[in-house]
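Student: I have a model open and would like to talk through the ligand site and a few backbone details. Could you help me read it?

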Amino acid sequence: MNLYGVFGNPIEHSLSPEIHSQFAKQTGYEISYEKLLAPLGSFKSSADDFIENGAMGFNVTVPFKIDAFNYASELTTNAQSAGAVNTIKVSKDKIIGENTDGIGLVNDLTDNLGINIQGKIVLVLGAGGATQGILLPLLNNNPRRIMIANRTKSKAKKLKHKFAKYGTTCGFSLDEIKHEPVDIIINATSASLDGSAPNIASGAAKGAICYDLMYGKQTPFMSWAQENKAEMVIDGLGMLVEQAAAAFTFWTGKKPDTKKVLERLRG
Ligand code: ATR
């Protein structure tokens, strides 16, 4: 049996085993996919043990994506620009680190939701790891510009400079966002974890597509977007399935049908 899994802490509520076993069924590629709880500070030895047991690859989630970046012996372009790894592929003489989060977001927006990024003004809220992971794949789709707005402005400015060579980027503090509507707003902050939405001018949401990287029926950002007349409000479940599909293809070369899996998860 081809052995794969997902490392995280906590990991109990991960949907990845269910998603990957559906992909495996669809494509006729037999896998065993495990949830792997690594103790904090022990990612390396846990990953070594899993590979020793014959693992061919694994996913990595919070809080180990930077440990996985340091663990890989080779990095893809996406992983390098993200500064983090969510997918590891084990081959004979190397451990390749990839990051499929950004491509997962772009594929959900374009393939599942029919949203064209080209020529659009995209406002990304937050300037942490999640934002860094999505900027290159978004910029590869030629938006008119990406506005990065963060509570701590200096971090938004830093990312603006880092990614300026790939397209038009600008950095703001949250309170510099004015009431003019934008085309797409992506919430990449962790504000939901303390039960809040990032505090920006409500006018920005009017007529916009508002996408929360977190998934859940109703995040605080989704409620804020609905109250402020967004045209479309979406959570990150599609991105979760799409980043898993990109990892599955990276490992196996096979392309699963994500729409069926997403329909089942949405129930
Ligand atoms: P992740 O890997 O999820 O991106 P992170 O690197 O810790 O996590 O980044 C969290 C992001 O959410 C940051 O941009 C943070 O803003 P600061 O840089 O100012 O800390 C943002 N964030 C967290 N809580 C927030 C809140 N209540 N309102 C607005 N932004 C918030």
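Student: Which residues are the closest to the ligand, and how many surround it?

Tutor: Happy to help! This is a predicted model, where local features need pLDDT of at least 70, side-chain atom pairs count only at pLDDT 80 or more, and totals for chains, interfaces and linings use all residues. Residues are numbered from 1 along each chain as its sequence is written, and side-chain values use heavy atoms, with hydrogens and water left out. Counting a residue as near if one of its heavy atoms lies within 4 Å of the molecule, the closest are Ala130, Asn150, Arg151, Thr152 and Lys155, and the number that surround the ligand is 15.

Student: How does that shell divide into nonpolar, polar and charged residues?

Tutor: Ala, Val, Leu, Ile, Met, Phe, Trp, Tyr, Cys and Pro count as nonpolar, Asp, Glu, Lys and Arg as charged, and the others, Gly among them, as polar. On that scheme the shell holds four nonpolar, eight polar and three charged residues.

Student: Which residue has a polar side-chain atom 3.5 Å from a nitrogen atom of the ligand?

Tutor: Polar contacts here are pairs of N or O atoms within 3.5 Å. Two backbone contacts go to ligand oxygen: glycine 129 at 3.0 Å and serine 190 at 3.1 Å. The side-chain contact to ligand nitrogen comes from serine 196.

Student: Where are the edges of the six-stranded sheet, and why do they lack a neighbour on one side?

Tutor: Strands are DSSP runs of E with at least two residues, helices are runs of H or I with at least four, and both are numbered from the N terminus; two strands pair if DSSP finds at least two bridges between them. The sheet is open, with mixed pairing and the order E2-E1-E3-E5-E6-E4. Each edge strand has a single partner, so one side is left without a neighbour in the sheet; these edges are E2 (31–37) and E4 (74–75).

Student: Which residue stands opposite leucine 75?

Tutor: E4 pairs with E6 (residues 95–98) in the parallel sense, over two bridges. In E6, the residue opposite leucine 75 is glycine 97.

Student: Which residue follows asparagine 9 across a cis peptide bond?

Tutor: Most peptide bonds are trans. Here, the bond from valine 62 to proline 63 is cis, with omega near 5°. The cis bond after asparagine 9 has omega of about 5° and leads to proline 10.

Notes
A polar contact is a pair of N or O atoms within 3.5 Å; within protein, one must be able to donate a hydrogen and the other to accept it, and residues adjacent in sequence count only if both atoms are side-chain atoms.
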